Structure formats: structure tokens, C-alpha cells
Amino acid sequence: MLILPIKKQWLDMIASGEKKEEYRAITPRYTTMFKNALNDRGEIVCLLRNGYSSNRPSIKIIAKLSIGPGKPEWGASPNTDYFVLSILKKE
């Protein structure tokens, strides 16, 4: 399971069901992390965490990985491709 930091605003939107995708820059670090975390169905299990305190809010998701543009209203920059984690399920 991957543990990814996330801003509170985006965590709250994912928890409410409003935000259906999370974006990560296409970097060598994330390329390796996602490649190693993919299961046999092409899904990734992630724990999204806000902050570093002992009682930090978090949510566990199962997501499908793709590459493409993100939505600016969900934090993506225009005309930029990202790793897109399309949320299939929240646990």
C-alpha cells in the first residue's frame, strides 16, 4: 500500500465524493512507486494522509492508474499531464 501526502482541501473533497481523481507529477520517483504498487488488476491501494501529527486525517482508496490531463478545479495545472489516480473505492 502506498502512503501519499495530500492537502486537507483535496482529502475532504475525496471523502465527500466530490473529487474523483488525485494527481501526481510524472517523475521518476512516482513512476517507480506506481509501477511497484500495481496489483494484477491494474489497481493501486493508497492511503492518502493529511499532515504528520499522530491523529492526522487519512482515507484509504483503491484507484486505477492512468496518464493524462487533470481538472483545474481539482488542483491540476492546464495543459499538463499527470499520473491520474481515478478513485474506484474508498475504504
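Okay, let's start with a definition: a residue is buried if its relative accessible area is under 20%, exposed if over 50%, and partly exposed in between, using a 1.4 Å probe and protein chains only. Also, helices (H or I, at least four residues) and strands (E, at least two) are DSSP runs, numbered from the N terminus.

Before we look around: this is a predicted model, where local features need pLDDT of at least 70, side-chain atom pairs count only at pLDDT 80 or more, and totals for chains, interfaces and linings use all residues. Residues are numbered from 1 along each chain as its sequence is written, and side-chain values use heavy atoms, with hydrogens and water left out.

So, the sheet. There are five strands in an open sheet, in the order 1-3-4-5-2, and the pairing is mixed. Strand 1 (2–5) and strand 2 (21–24) sit at the edges with a single partner strand each, so one side of each has no neighbour in the sheet. From one strand to the next, the twist averages 45 degrees. By pairing I mean that DSSP finds at least two bridges between two strands. Take strand 4 (residues 58–69) and strand 5 (residues 81–90): they pair in the antiparallel sense over nine bridges. If you want a spot to click on, Ile61 stands opposite Lys90 in strand 5.

Now the helices that pack on the sheet. Helix 1 (residues 8–16) touches strand 2, strand 3 (43–49), strand 4 and strand 5, where contact means heavy atoms within 4.5 Å. Its direction makes about 100 degrees with that of strand 4. For angles like this, axes are lines fitted to C-alpha atoms, for helices over the stretch in contact, and the angles run from 0 to 180 degrees between N-to-C directions. Helix 2 (residues 28–37) packs on the sheet too, touching strands 1, 2, 3, 4 and 5, and its direction makes about 145 degrees with that of strand 1.

Which residues of helix 2 are buried? Tyr30, Met33 and Phe34 are. Looking down the helix axis, the buried residues fall within an arc of 90 degrees, so they line one face of helix 2. That arc is taken from the directions from the helix axis to the C-beta atoms. They pack against strand 1, strand 2, strand 3, strand 4 and strand 5. On the other side of helix 2, Pro28, Lys35 and Asn36 are exposed.

Let's zoom in on Glu43, which is in strand 3. Buried or exposed? Glu43 counts as buried, because its relative accessibility is 15%. Its side chain makes a polar contact with the side chain of Arg41, at 3.3 Å. A polar contact is a pair of N or O atoms within 3.5 Å; within protein, one must be able to donate a hydrogen and the other to accept it, and residues adjacent in sequence count only if both atoms are side-chain atoms. Glu43 also touches residues including Ala37, Ile62 and Leu88, leaving out those up to four places away in sequence.

Last topic: salt bridges. How many does the structure hold? Six, each being a side-chain nitrogen of Lys or Arg within 4 Å of a carboxyl oxygen of Asp or Glu. One of them joins Lys8 and Asp12, with the closest N and O atoms 2.9 Å apart. Both lie in helix 1, four residues apart, about one turn of the helix. Lys8 is partly exposed at 45% relative accessibility, and Asp12 is partly exposed at 38%. Lys19 and Glu22 meet in a salt bridge too, 2.7 Å from N to O, and both are buried.
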